[in-house]
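User: I'd like a close look at one part of this model, the pairing of its strands. Please take your time over it, and then carry on to the contact between chains and the empty spaces.

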Amino acid sequence: MMPLGATSIINLLNYKIVLKVVSSADEAVHDIQDGMTLMLGGFGLCGLPEKCIAALVKKGVKNLTCISNNAGVDDFGIGLMLKQRQVKKMISSYVGENAEFERQLLSGELEVELIPQGTLATRCMAAGYGMPAIFTPAGIGTEVAVGKEIRNFNGKDYLMEMAFEADFAIVKAWKGDTMGNLVYRSTARNFNPVMAMAGKVTIAEVEELVEAGEIDPDHVHTPGIYVHMIFKGDNYEKRIEQRTVRKKDNA
Amino acid sequence: MLDKEGIAKRIAKEIKDGYYVNLGIGIPTLVANYIPKGMDVVLQSENGLLGIGPFPFEGEEDPDSINAGKQTITILPGSAIFDSAMSFGMIRAKKVNLTILGAMEVSENGDIASWKIPGKMVKGMGGAMDLVASAENIIVAMQHVNKAGESKLLPKCSLPLTGVNCVKKIVTELAVMEVLPEGGFKLLERAPGVNVEEIKTATAGKLIVEGEIPEMVI
């Protein structure tokens, strides 16, 4: 298969038939426009699509709604986009390792919707499975339930939560092939597989890009059908948020 | 009276061989250090791991391997890694046997408030709402009173709730209590050197004391 650049793509619908491999993060994020809703994989700073985030910062696209479990730290992850005031709204389960985030939130510049982590993951999953909504007990009896439909199944109340709709999902995998099949590594998997399934258009950045056939089909975590663009990122920083270690003598 | 390590040690006694356990951030994390040797216990991390190991040796940190507190960890032999949706799937489906988490307040009917203080920067609920809504066996590890000296065991929570009718047991620096299905904190054990009167004074909710209350064995 011959790589085709995203720059040749006019209509988002065309992503359904284009080939996968693009040359850079800049090319991958080319069609992301002001006001779009993005999903960004990662948990804390682990498994973050750091190359695409850098490209989005460079591109300067604004008024974004970002669905991501966390909001990065001041100088890494989504924090970099916050600093440039590119984010209008964050949809997350846990935020605030980030002074600039707090400042924008308290000043009303940034809108934040906090939702339970399992609900966040499962609303992504629902989108990827083509289901409009899910029922979860998380948030019953709390402010999360306000204004939402509640259904009782077998004597227990459940909240109806809608599948997410995202223009682009941006994920980070360890390895990918030219068909867009993805393999994640360790807990850097986290939200990436469910977000990869959930985007109208999905961009995957990988540490290793191999030819189709080099990944054992039994080992594929995300089938390439969900992935519209893939590129190899270089020199991953992979910043550690909480470095916790033990000394060898304590072993 | 117990210190944080003491609370963790006492809670570790609730863990049974073969359990899958989810430990929250704070005192619950310390419980991992006191799981009896020889017991097969698998720790779940809600970002997507069964089989949390100890912190890595200096220089061996793997940025791809972290726990739900975003700390670098090791991954034990026999572990399984999965995505965050499956992680909460196994929590919702009650496959995780025991959930231990911290709280700001617990009410006598088992409601828990642990994520939000009005007027303060709210960081979010993370996975706590999912855990308390589904887990059948929830133990809260917390201090009996807050920094202002006010009881955290109340007739009704004053802070925004994380979940309702869910807490089964509470371990504090003073006592072990069970939340009764009909309501009320049933006193099960006293911390070493603590008497029933002290526990009563520190408990604003309904405390049920029946017969002689034994001192904890840690």
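Analyst: Happy to. One convention comes first: two strands count as paired if DSSP finds at least two bridges between them. Please also keep in mind that this is a predicted model.

Let's begin in chain A. Strand β8 of chain A, residues 166–177, runs parallel to strand β10 of chain A, residues 199–210, and 10 bridges join the two. To place that pairing in the structure, find A:Ala169, whose bridge partner in β10(A) is A:Thr202. β10(A) also pairs with strand β11 of chain A, residues 229–232, again in the parallel sense, here over four bridges. On that side, A:Ile203 is the residue to look for, as it stands opposite A:Met229 in β11(A). The neighbouring residues A:Thr202 and A:Ile203 thus take part in separate pairings of β10(A): A:Thr202 is the bridge partner of A:Ala169, while A:Ile203 faces A:Met229.

Now for chain B, where 10 strands make up an open sheet of mixed pairing. Read across, their order is β4-β3-β2-β1-β5-β8-β10-β11-β12-β13. The edges are held by β4 (75–81) and β13 of chain B, each of which pairs on one side only. At the β4 end, strand β3 of chain B (residues 49–52) meets β4(B) in the antiparallel sense over three bridges, and B:Leu49 stands opposite B:Ile81 of β4(B).

At the other end, strand β11 of chain B (residues 175–179) and strand β12 of chain B (residues 185–190) are antiparallel partners, with five bridges between them. One position to pick out is B:Val176, which has B:Glu189 of β12(B) as its bridge partner. These two strands, β11(B) and β12(B), form a hairpin with five residues between them. In the turn sits B:Gly183, with a positive phi of about 105 degrees. From there, β12(B) passes on to the edge: two bridges join β12(B) to strand β13 of chain B (residues 207–208), and the two run parallel. B:Phe185 stands opposite B:Leu207 in β13(B). So that you can see both sides of β12(B): its pairing with β11(B) is antiparallel, whereas its pairing with β13(B) is parallel.

Chain B also has an open sheet of three strands, in the order β7-β6-β9 and likewise of mixed pairing. Why is one side of β7 and of β9 left without a neighbour in this sheet? Because β7 (112–113) and β9 (153–154) of chain B stand at its edges, each with a single partner strand. Strand β6 of chain B (residues 105–107) is antiparallel to β7(B), with two bridges joining them, and B:Val106 there stands opposite B:Ile112 of β7(B).

Next, the contact between the chains. Chain A brings 52 residues to it and chain B brings 48. About 4,300 Å² is buried between them, 59% of it given by carbon and sulfur atoms. On the chain A side, A:Thr187, A:Thr244 and A:Arg246 lose the most area to chain B, together 15% of what that side buries. There are seven salt bridges across this interface. One to inspect links B:Glu61 with A:Arg243, where the closest N and O atoms are 2.9 Å apart.

The empty spaces bring both chains together too. The second largest pocket holds about 270 Å³ of space. Of its 19 lining residues, A:Lys156, B:Val132, B:Ala133, B:Val164 and B:Asn165 lie nearest the centre. β7 of chain A (156–162) and α4 of chain B (128–134) each supply at least two residues of that lining; α4(B) makes the largest contribution, with four. By class, this lining has nine nonpolar, five polar and five charged residues.

As for cavities, there are five of 30 Å³ or more, and the largest has about 60 Å³ of space. Its lining includes A:Tyr236, A:Lys238 and A:Arg239 from chain A, with B:Pro63 and B:Asp64 from chain B. Five of the residues lining the largest cavity are nonpolar, one is polar and five are charged.

Notes: Residues numbered from 1 in each chain as written. Chains lettered and ligands numbered in written order. Predicted model: local features only at pLDDT ≥ 70, side-chain atom pairs only at ≥ 80, totals over all residues. Heavy atoms only, no water. 1 Å grid on protein atoms, 1.4 Å probe; cavity = no way out; pocket = protein on both sides within 12 Å on 5 of 7 lines; lining within 4 Å. Points joined across faces, edges and corners; volume = space filled by probe spheres on them. Nonpolar A, V, L, I, M, F, W, Y, C, P; charged D, E, K, R; others polar. Contact = heavy atoms within 4.5 Å. Buried area = accessible area lost by both parts, 1.4 Å probe. Salt bridge = Lys/Arg side-chain N within 4 Å of Asp/Glu carboxyl O.
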